[in-house]
Amino acid sequence: MVPGSGGLVAVLEPLLRDGSARWLGWPGDGAADGGAAERSKVLRGWPAGYIAVDLPADVVRAFYEGYANDTLWPLLHGFPDRVVLDPATWPAYREANERFAAELRTQAGPSSVVWVHDYQLMLLPELMRATTPDATIGFFLHVPFPASEIFRMLPEREQVLTGILGADLIGFQTHADLHEFRRSVLQVLGIESQMEHVEIDARVVRLGVFPIGIVPGEWAHILAQRRVQHRVEQLRDRYRGQHLVLAVDRLDYTKGIPERLRAYRRLLRDDPKRRGRVSLLQVAIPTRERVPRYRELRRHVNDLVAEISGEFGTPEWTPIVHMLRAVSRSELAALYAAADVAWITSLRDGMNIVAKEYVACQSRDPGVLIVSEFAGVAQELGEALRVNPYDEIASAAALGRALDMPRDERSERMAALTDRVLDGNAAVWRDRFIRSLRQAVREREDHRRTEAPKLDSGALAKAAARGGVLLCLDYDGTLVEIAPRPENARPTRRVLDVVRRLAGLGNGVCVALLSGRRADDLERWFGDVPGLWLVAEHGAVLRSANTREWQTLRAGAGEDWKLRVRPVLEDFAARLPGSLIEEKDLSIAWHHRLGDREFGNWLAQELATTLEHQLGGSDLRVLRGRAVVEVRYAWATKAEAYAAIDAQTPDPGIVVAVGDDETDEELFERLAPDDWTIKVGRGPTAARWSVDGPDEVLAALDAIADGILAARQTTSQ
Ligand code: ADQ
């Protein structure tokens with residue numbers, strides 16, 4: 001982007017002014033923006049604070065015209081039939097993002113605030129995060145976010161979502177965009193989110209809605225100039241006796257220009273008294289001229305304009321003035337001030353700045369703003385006339401209504417609109433975003449503080465070597481990585497060796513496996529390991545190392561209740577293909593990880609409520625886990641199972657508990673503050689220490705065994 005005087009530059013300029021901020025941008029393709037000489041002038045001529053990231057010509061074409069404008073632009077605006085999926089453009093998009101990341105790394109330190117803008121740079125937050133994990137990174141999407149069904153067309157959907165999720169704060173123009181984004185995150189990445197945040201790899205990413213504003217002072221300043229006032233008078237004289245309807249857009253298929261022209265034609269056809277009394281002045285800047293779709297649109301618009309002029313034009317009256325070029329800010333201000341109606345017909349638009357600019361330029365005898373309900377601005381500017389631009393008749397009627405609106409109503413509506421535009425101005429937008437970003441980083445830090453420090457396995461081995469140990473080990477996610485299908489998470493050779501080695505130490509070393517799995521699984525895999533305690537179903541059943549008999553932890557626990565619960569679960573399983581029922585001895589669960597995640601979550605809520613109602617007053621509990629609803633006994637916890645083992649074994653010197661999920665947290669909370677509680681993975685925990693994954697767990701367990709054996713050798717010598 002070439003630093004100009006308006007728009008985003010004006011909004012962010014104050015941040016650059018004190019020299020503390022820098023703006024990184026692509027200076028524009030020379031060929032497209034006026035030739036190579038112009039380009040090098042631009043590169044050399046960027047003022048202080050602006051850093052040009054130069055991209056090679058071949059990358060530019062595939063990145064900018066290709067992936068950004070041919071793929072992402074129509075996709076994000078929800079035009080599936082216009083999305084071009086050309087695998088050759090993705091590497092260039094990646095490369096362009098990487099070049100930005102490389103430049104950014106040389107410019108930004110660990111304490112810098114990085115604010116990434118829009119759909120061209122969706123990978124940049126994650127690329128930056130990867131090398132600077134503590135960086136403060138915000139991302140703002142200026143364009144809409146589409147329905148998840150459309151977004152999921154994108155072959156690189158995972159990379160794009162993960163790319164943005166590298167940010168600490170992701171900002172959208174409207175709530176609807178944020179909502180759709182959350183749906184895609186759930187359906188593509190399987191990650192559930194809250195309205196205000198989403199957690200990825202135990203890092204919290206905040207989500208927020210920040211409708212972009214304009215700089216009203218800029219327009220007031222332009223309009224105060226005498227020559228601009230003179231121009232306003234000139235325009236009013238020119239259109240005296242007529243209503244002037246103004247439309248200002250980039251020539252883009254998202255802006256609904258043909259739809260507007262057809263609605264205008266409809267008004268002139270159906271309401272002949274309008275002829276000669278209204279003029280539509282359409283100012284459209286041609287953009288992306290090298291993309292065939294845009295050339296087609298230009299032809300189509302030209303044809304429609306010619307048809308309407310041909311059908312209604314007279315020697316005295318031209319129904320449409322069609323200007324295919326950019327006009328200066330002062331000419332634009334004069335047009336806004338002189339126009340009786342501003343007509344926004346976007347089929348989809350992130351916000352639409354033109355609507356706000358028009359409001360900012362109204363004075364005593366104000367005009368009327370018509371906005372498309374599919375532009376973000378319709379959410380904010382409630383006092384505008386809202387219309388569905390696809391509905392030609394309604395659109396024509398809205399224009400008629402705007403032309404006839406009495407002055408009192410115009411003034412009343414415009415006063416309210418003016419307040420909104422002034423209150424939600426660009427500086428407010430910018431400051432709110434930056435404030436939320438800083439808040440997001442504080443929350444990330446707080447979140448991290450609730451994480452446990454890394455385990456020193458040497459210290460643990462030393463403590464274990466001093467006397468007896470009771471080791472409580474979770475299985476899935478602790479000794480083995482979580483597998484998408486539980487039956488695939490069989491113990492590896494290494495796991496079996498480590499467990500066997502520890503359990504064989506005897507002499508005050510007790511080893512227990514505490515798992516949520518069925519007793520059958522544990523029996524099959526670990527049943528022949530001497531000296532091992534086994535706990536299945538989160539603590540409901542236990543096999544003592546001595547008797548090798550499975551027993552339920554509480555007398556009287558039965559399974560009759562499952563006869564009542566199972567049909568309810570079956571009903572839900574039938575409603576969601578891919579979901580399944582898992583029946584254990586003393587619990588029953590409905591898993592929906594493999595079904596549609598969104599519908600699954602919705603059903604899970606309904607199922608939990610139904611079951612809670614059905615089981616109220618019993619000692620059964622309904623638990624909602626990640627993509628699972630489970631019914632089990634309230635007392636069936638790892639904490640209870642630990643207590644039972646503790647009561648049957650000699651007093652240990654130390655207790656070591658290792659686990660990765662909620663059921664392990666109950667055990668961590670139950671243990672004494674000086675016990676060795678160890679969380680596997682990141683995120684908040686009640687544990688004292690943490691390790692990254694099963695590999696580290698196994699290494700620590702080996703260290704314990706080595707320590708104990710070494711100590712025994714020393715004492716026996
Ligand atoms: P755009 O799609 O570029 O922006 P918009 O919000 O309408 O659309 O802004 C257009 C800007 O260009 C305005 O400042 C307007 O004055 C100017 N402009 C348009 N036509 C012009 C002409 N013929 N001559 C001179 N100036 C002209 C993207 C998203 C939007 C979102 C913005 C800001 O697509 O939905 O509102 O970013 O976030």
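Trainee: What makes the approach of N352 to the ligand a polar contact?

Mentor: A backbone N or O atom of N352 lies 2.9 Å from an oxygen atom of the ligand. A polar contact is a pair of N or O atoms within 3.5 Å, so this pair qualifies. M351 also brings a backbone N or O atom, at 2.8 Å from a ligand oxygen, while D349 uses a polar side-chain atom, at 2.5 Å from an oxygen of the ligand. Keep in mind that this is a predicted model, where local features need pLDDT of at least 70 and side-chain atom pairs count only at pLDDT 80 or more, while totals for chains, interfaces and linings use all residues. Residues are numbered from 1 along each chain as its sequence is written, and side-chain values use heavy atoms, with hydrogens and water left out.

Trainee: How do you know how much of the ligand the protein covers?

Mentor: On its own, the ligand has 720 Å² of accessible area, and the protein covers 85% of that. The areas come from the Shrake-Rupley method with a 1.4 Å probe.

Trainee: Which residues make up the shell around the ligand?

Mentor: There are 23, and the closest are H142, D349, M351, I353 and E357. A residue belongs if one of its heavy atoms lies within 4 Å of the ligand. By class, twelve are nonpolar, four polar and seven charged; Asp, Glu, Lys and Arg count as charged, Ala, Val, Leu, Ile, Met, Phe, Trp, Tyr, Cys and Pro as nonpolar, and the others as polar.

Trainee: Let's turn to the rings. Why is the pair of F63 and Y93 called tilted?

Mentor: The centres are 5.9 Å apart and the planes make an angle of 35°. Rings of Phe, Tyr and Trp (its six-membered ring) pair if their centres lie within 6.5 Å; planes under 30 degrees apart count as stacked, over 60 as edge-to-face and the rest as tilted. With 35°, the pair of F63 and Y93 is therefore tilted. F63 lies in helix α3 and Y93 in helix α4, 30 residues apart; a helix is a DSSP run (H or I) of at least four residues, a strand (E) one of at least two. F63 and Y93 also share one aromatic cluster with W26, Y64, Y67 and W90.

Trainee: How do you know whether F63 and Y93 are buried or exposed?

Mentor: Buried means under 20% relative accessible area, exposed over 50%, and partly exposed in between (1.4 Å probe, protein chains only). F63 has 3%, so it is buried, and Y93, at 0%, is buried too.

Trainee: And what makes F572 and W590 edge-to-face?

Mentor: Their planes are 70° apart, with 6.2 Å between the centres. F572 sits in helix α22 and W590 in strand β20, so the pair ties together parts 18 residues apart in sequence.

Trainee: Why is R288 said to lie over the face of W73?

Mentor: R288 is 4.2 Å from the ring centre of W73. A charge sits over a ring if NZ of Lys or CZ of Arg is within 6 Å of the ring centre and within 35 degrees of the ring normal. R82 lies likewise over Y253, at 4.3 Å.

Trainee: What makes the phi of D201 worth a look?

Mentor: Phi of D201 is near 50°, a positive value in a residue other than glycine. Most residues other than glycine have a negative phi. D201 is in the loop between β6 and β7, and its 64% relative accessible area makes it exposed.

How values were computed: A polar contact is a pair of N or O atoms within 3.5 Å; within protein, one must be able to donate a hydrogen and the other to accept it, and residues adjacent in sequence count only if both atoms are side-chain atoms.
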